[in-house]
Amino acid sequence: MSRAATVFIATLTSASLDAPSGEMQNKQSYCVKFTFVPQRVIKRQPETVTGLATGIRHDDPNDQQFYRFAEQTRLVPGDNVLVVADQPGEIAISDIGCTPSRPWDRETYDATRSLPGFNP
């Protein structure tokens, strides 16, 4: 996090699928995209982040088959997240350690509070 270009805490304001759910096929990748409002800037300008996203593959609940995919990070509008960005654009969020951006919780607070610019 200390080497990232941009670090801030944001509140999610909306969520949308990038594909119509009724048209998804088994094993098709999809993405949930979020809009957000920055709440606390820790490092540089949050305007470089154009959106936040989390994704997985579709598993049809009616086909009697089960596929093993990594669990999608479940986020809803109103949730707070730590955004860590090395470059401009859309940033992925994960609560299983796949990305440095993640839900804001006690563990994230403990990892972040020692960063220069973070004032509790």
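**Getting to know this fold**

Q: Leaving aside neighbours within four places in sequence, which residues is Val37 in contact with?
A: First, some ground rules: this is a predicted model, where local features need pLDDT of at least 70 and side-chain atom pairs count only at pLDDT 80 or more, while totals for chains, interfaces and linings use all residues. Residues are numbered from 1 along each chain as its sequence is written, and side-chain values use heavy atoms, with hydrogens and water left out. Contact means heavy atoms within 4.5 Å. With neighbours within four places set aside, Val37 is in contact with Ile9, Ala10, Thr11 and Thr13.

Q: What separates the C-alpha atoms of Val37 and Leu12?
A: Val37 sits in strand β2. Along the chain, Val37 and Leu12 are 25 residues apart. Their C-alpha atoms, though, are separated by 6.6 Å.

Q: Is Val37 buried, partly exposed or exposed?
A: Buried means under 20% relative accessible area, exposed means over 50%, and partly exposed lies in between (1.4 Å probe, protein chains only). Val37 has a relative accessible area of 37%, so it counts as partly exposed.

Q: In what pattern do the helix and strands follow along the protein chain?
A: Helices (H or I, at least four residues) and strands (E, at least two) are DSSP runs, numbered from the N terminus. The protein chain has 1 helix and 6 strands. Read along the sequence, they give β-β-β-β-β-β-α.

Q: Which element gives the most to the largest nonpolar core?
A: A nonpolar core is a set of buried Ala, Val, Leu, Ile, Met, Phe, Trp, Tyr and Cys residues joined through side-chain atoms within 4.5 Å. The largest one has 15 residues, and Leu12, Phe36, Val49, Leu52, Val81 and Val83 have the most contacts inside it. Two or more residues come from each of β1 (6-17), β2 (29-43), β3 (49-57) and β4 (80-85). With 4 residues, the biggest giver is β2.

Q: How many residues are in the second, separate core?
A: Among its members are Val7, Val84, Leu115 and Phe118. The full count for this second core is 8 residues.

Q: What is the relative accessible area of Ser101?
A: Ser101 is in the loop between β5 (89-92) and β6 (102-103). Apart from neighbours within four places in sequence, Ser101 is in contact with Leu82, Val83, Val84, Ile91, Ala92, Ile93 and Ser94. Ser101 is buried, with a relative accessible area of 0%.

Q: What share of the 120 residues counts as buried?
A: The whole protein chain is the base for this one, all 120 residues of it. The buried share comes to 37%.
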